[in-house]
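Subject: Structure handover

Hello,

Here is the structure I promised to pass on. Please open it alongside this note.

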Amino acid sequence: MNTLKLRDYTGKALSECTILELYNAALALTQDACRNRGYNSGKKKVYYISAEFLIGKLLSNNLINLGIYDDVKAELAEAGKDITELEEFEYEPSLGNGGLGRLAACFIDSLATLGLPADGVGLAYHCGLFKQSFEDRKQHMRPDYWRKWGMANWMKRTDKHYKVQCGDLELLSTMYEIDVTGYGSKCGRLRLFDLDTVNEGLIGSGIGFDKKEIEKNLTLFLYPDDSDEDGKLLRVYQEYFMVSNAAQLILDECVERGSNLHDLADYAAIQINDTHPSLVIPELVRLLTEKGIEEKEAYQIVTDVCAYTNHTILAEALETWPKHFFKAVVPHLMPIIKRMNDAVKAKYEEPSVQIIDEYGNVHMAHMDIHYSHSVNGVARLHTDILKETELNNFYKLYPEKFNNKTNGITFRRWVIECNPELTELITEKIGEGWKTDARQLEQLIPYAEDETFLQCILNRKNTKKHKFSAWIEQYQGDKVDPESVYDVQIKRLHEYKRQQLNLLWAIDRYLHIKDGYRPRRPVTVFFGAKAAPAYVIAKDIIHAILAFSSIVNNDPEVSPYLKVVMLRNYNVSMAEKLIPASDISEQISLASKEASGTGNMKFMLNGAVTLGTMDGANVEIAELVGEDNIFTFGQSSEEVIEHYKNADYVAKNWYKKDKRLAAAVDFLVSEEMLEAGDRKLLKQLYDELLGKDWFMTFPDFESYCKTKDKALAAYEDRMGWAKKMAVNIAKAGYFSSDRTIDQYNNDIWHLEKDC
Ligand code: F58
């Protein structure tokens, strides 16, 4: 029973409160409700260390998880206030770049929900991922200072402080906590570390700042632009600061729970989320030996405690740091890393598995693999590629360490919260059980033959499309026809994700329409993406999309049939609005390159149909829904891997033999485009595609166009399409992060549930 009332937190009638007062009252109420529930506890606890937790807005999610959303909504309504006003007022903490950070956020939700004692451990950045705007059709970046309008109140300052020594620099941390509510369960915590000396005054209007003054800027920005030497160094400071705090916290807590440190693995499981927290390994060795444990034994303890998750096979994304960086930031760890490397060398001569290579670079993933007991990929195909190709030399040494944990998403945020219309429809048919046991969604399968149900699905999708259309017009002035097909690609901008392929399709369609082709139904192509500040080609792709969209959207001959919308400042909150309104989910990465993808899962859960390559988790989606309910195209991962191995791909050859492709590519530097955009940037992109096209868009162009046409034609059979939607929703249960976390627990952590 919820006895907490908003009114008790305001000191005056709700009708007289400002929005900020109401927001703060709701926030305080949430925190009390959480305290009343209590926190999951037990002998052994998992510490999920991550440089990113892309948590998104917190209020509604917390109210839903605590089961008091309707009460608060009703109380507000009685006072003439609308809860959506509070939801819109809330400022999103964007403490992550993309999938990796969002996964960590889904995981802490599931950990709490499943009753597992767990902390997320990371950094309390003052600014999240930059705020994106478009000026002159180019990406502009401003700092995203998120701790405003009551948002900072989510973070409770604690009296925990740790000393962190970086060379001559002694830093003193402060730990903050954010409650993580589970759905109908006890709570968990996100523990974020900060430095009191950080100076927000250093934040100007741009995202540049003096990276040398570590005490003043250590936690100012999430992953600052590291294209220069100082930026890279700052990143190492951040990583070490994060893990030194984590290691000290873990040891303190485990001793408090009764550990004698020799038995640390009975008290703690540490999940290393990509290589950013990898220094926790030598840091723990250092702390354990300081407390009297022999270094050899410390290696074993750490190996038993730590587990590593890999999120990419892209070589450039696998962190390696030159030795001199570590000598500057963590000189006291260098001898330990060196001895750990010597221990590896003594056993294995193979150069590719050493922690420190012949040039003195430290390979973080290598350290993780040697000194963790588990190494996992994030989708079946990805794990297979790690085993067979990228990390094959390690797999041969430690086959028992390798395992797969296909990613998942929390259904609380990604359907219950963001799509109450669909949630209601599902619940009407199959009851409430699916909300905690997602596999029950399969009970919807018989309804895929039920025309009344299918019509309901279409109607609810339509409602969402209308809502999004109204919202986007108000947000950025784009007029979108809700009757058009919503074809959506929202994710970080990266060449391997191939937004450029989608753009080439749109150009191709534009050229056809100019030639007199009149499609039966309009298509709106939505892009939402931020490009890393130093990633030139990614920014060029954004520029090309913006220039092209201005041509298409302003051409009265074309715009009734085709629109291109580049969403400004794409973030979690926007995804929550757009995914429920989407028809086609674009998952078109070059096969073998997308480790998993998690957007693909959110779309299917909301009844969008995937148009994708056989990459990442798309492979598992295809297997679950069957070939009638997904549109796949393109080279297979085996073919792609073979091409890379043989270095035999020549973009120009494809350009020469495919006229349709050539016309689309040439259009990038056509008169129209050069008038709408910047010659240098467009030419740069054109040259990159023709001269290199490293992620092989050209060979997949034809099959992409054909398959997309097939999908658009299938869309016209409304009942047939609704059936595909129903099957996708019904089969989405496997992709609940509750399932993923259960598997991590059963195979890696072995915690007891507190429920
Ligand atoms: C993503 N990685 C993978 N990295 O690309 C995606 O396939 C997978 O689904 C997801 O992890 C979760 O496993 C990812 O998002 C980053 O954002 C990097 C963080 C550090 C800076 C460079 C990007």
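Below is what I found, from the whole chain down to single strands.

First, a caveat: this is a predicted model.

Overall build

The protein chain carries 30 helices and 20 strands. Its radius of gyration is 26 Å, close to the 27 Å that the globule rule gives for 755 residues, so the chain is as compact as a globular protein of that length. Along the principal axes, the C-alpha atoms fill a box of roughly 80 × 70 × 50 Å.

Burial and contacts come next. Of the 755 residues, 64% are buried. The protein chain exposes about 27500 Å². Carbon and sulfur atoms supply 48% of that area. Take the contacts with a separation of 6 or more: 75% of them link residues 24 or more positions apart.

Strand S10 and its partners

Start at S10, residues 306-309. Both of its faces are covered. Cys306 and Tyr308 are buried on one side. Ala307 and Thr309 are buried on the other.

S10 pairs with two strands that I would look at together. With S9, residues 268-273, the pairing is parallel and runs over four bridges. There, Ile272 stands opposite Tyr308 of S10. With S13, residues 374-377, S10 also runs parallel, and three bridges join them. Here the bridge partner of Thr309 is Asn376 in S13. Tyr308 and Thr309 are thus worth a look twice over: both are buried, Tyr308 faces a residue across the S9 pairing, and Thr309 has a bridge partner in S13.

The six-stranded sheet

Further along, six strands form an open sheet. The order is S17-S16-S15-S18-S19-S20, and the pairing is parallel. The edges are S17 (562-567) and S20 (631-632), each of which pairs on one side only.

At the S20 edge, two bridges join it to S19, residues 609-612, and the two strands run parallel. Gly612 stands opposite Thr632 of S20 in that pairing.

Towards the other edge there is a helix to inspect. H17, residues 451-476, lies across three strands: S15 (485-490), S16 (523-528) and S17. The helix runs at about 65° to S17.

Where to begin? I would take S10 with its buried faces, then the open sheet, then H17 across S15, S16 and S17.

Best wishes

Terms used: Residues are numbered from 1 along each chain as its sequence is written. This is a predicted model: local features need pLDDT of at least 70, side-chain atom pairs count only at pLDDT 80 or more; totals for chains, interfaces and linings use all residues. Side-chain values use heavy atoms; hydrogens and water are left out. Buried means under 20% relative accessible area, exposed over 50%, partly exposed in between (1.4 Å probe, protein chains only). Two strands pair if DSSP finds at least two bridges between them. Contact means heavy atoms within 4.5 Å. Axes are lines fitted to C-alpha atoms, for helices over the stretch in contact, and angles run from 0 to 180 degrees between N-to-C directions. The radius of gyration is taken over C-alpha atoms; the globule rule is 2.2 Å times the number of residues to the power 0.38. Accessible areas come from the Shrake-Rupley method with a 1.4 Å probe; for residues, only the protein chains shown count as cover.
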